[in-house]
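Colleague: I'm new to reading protein models. Could you walk me through this one?

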Amino acid sequence: MIDRAVTLSQFVFQQEREHPEASGEFTSVLLDIALAAKMINKAVIRAGLVDVLGATGSMNVQGEKVQKLDVFAHDTIMKVLGSTGQLAVVASEEDEGIVPMPDGAPVGKYVVNFDPLDGSSNIDANVNIGTIFSILPRISRKGHGTVEDCLQAGRRQLCAGYILYGTTTMLVYTTGDGVHGFTYEPSIGEFLLSHPSIRTPSRGRIYSVNEGNYAKWSEGMKRYVDWLKMEDKVTARPYSGRYVGSLVADFHRNLLYGGIYLYPGDAKNPNGKLRLLYEGAPLAFIAEQAGGAASDGTKRIMDLAPSSLHQRTPLYLGSPEDVRECEMFLAGQHEAVGVERRGC
Ligand code: P6P
């Protein structure tokens, strides 16, 4: 129960006071990301109006260049983060390589990996989209940051979070001390604490996957999803299928309600579609901090050491009992699941 309005800044500084052991120095990086999120939010919620406002070609009524929203989001985050002096290097899903700090700008000791606007293809349908970010410590000693600074396992993250843009825009993050959600109040330009200490149910009743790929799935994956859809009161099946096609929206709903998000590898793409650095690792940190789990089907996502910036990974994310059962099906141990669930 929240008895008073607490802003994101007040909350993070309060956390710092309560946990003197936490350096918390990256707080200003988190608050800079929140600033960029407010700027992106303003553009995202107006995106549908650009045509209505009579944008002609690539210029809108204010005479501004109308950018693709994901490019705008990327540029906005780069503009805000590039001048803070806190970062050594950033990596964006929108850029092929790493982006060092501008020449002459101070080089700091943190690294940010981010997906500036995940699910942006949904914007024209007014479906929620999101920004996903990770803050890590640099490991290189001096000078500009390096690609190795970005290619660290998820367990090295100091902070991970996402912003979910929509009629209600939310920022959800963890620094390893639980997961906390803030709802944006545009009239005062603040993210206000609305979901302190989010815990995800140990088991859900929702599965989120693109079943259009069914024919390309492994036998274990097919068997798991078929099993979820079978009628069985003892094991609370069938589950409900809920798939927005926007990872941050699907993940956020399942985080609160319980359930599992699945993006498997398949015959065509053995490592699936989603990126380890920009999607898997940050959401895995959040899932685990909320009591959930995140796997690539056999291994913990947080333990995977990326070998390239845009490396993809199969992703099974959400309620721990659901993720574990999924792993058992993928490993061909599905008979054990039936026995386990009945407790016999
Ligand atoms: P598919 C959006 O393009 C995205 O990266 C995620 O936000 C979303 O969950 C997934 O891809 C949807 O992919 O193949 O189901 O359209």
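Modeller: Sure, here are some questions and answers on a strand, its partners, the ligand and a helix; keep in mind that the model is predicted.

Colleague: Let's start with strand E11, residues 260-263. Are its residues buried or exposed?

Modeller: Look at the side chains first: Ile260 and Leu262 point one way, while Tyr261 and Tyr263 point the other way. A residue counts as buried under 20% relative accessible area. For these four residues, the word is buried.

Colleague: Which residue of strand E13 is the bridge partner of leucine 262?

Modeller: E13 covers residues 315-318 and pairs with E11 in the antiparallel sense, over four bridges. Within E13, the partner of leucine 262 is tyrosine 316.

Colleague: And which residue in E11 is the bridge partner of serine 208?

Modeller: Here we need strand E9, residues 206-208, which runs parallel to E11 and is joined to it by two bridges. Serine 208 has its partner in E11, and that's tyrosine 261.

Colleague: Now the ligand. How much of its accessible area does the protein cover?

Modeller: The residues around the ligand include Tyr261, Tyr263, Asp118 and Leu247. A polar side-chain atom of tyrosine 263 lies 2.6 Å from a ligand oxygen, and for the side chain of aspartate 118 the distance is 2.4 Å. On its own the ligand has 400 Å² of accessible area, and the protein covers 79%.

Colleague: One last thing: which side chain makes a polar contact of 3.3 Å with that of histidine 334?

Modeller: Histidine 334 sits in helix H10, residues 334-342. Farther along the sequence than four places, it touches Arg223, Met328 and Phe329. The polar contact, though, is with glutamate 335.

Methods: Residues are numbered from 1 along each chain as its sequence is written. This is a predicted model: local features need pLDDT of at least 70, side-chain atom pairs count only at pLDDT 80 or more; totals for chains, interfaces and linings use all residues. Side-chain values use heavy atoms; hydrogens and water are left out. Buried means under 20% relative accessible area, exposed over 50%, partly exposed in between (1.4 Å probe, protein chains only). Two strands pair if DSSP finds at least two bridges between them. A polar contact is a pair of N or O atoms within 3.5 Å; within protein, one must be able to donate a hydrogen and the other to accept it, and residues adjacent in sequence count only if both atoms are side-chain atoms. Contact means heavy atoms within 4.5 Å. A residue is near a molecule or strand if one of its heavy atoms lies within 4 Å of it. Accessible areas come from the Shrake-Rupley method with a 1.4 Å probe; for residues, only the protein chains shown count as cover.
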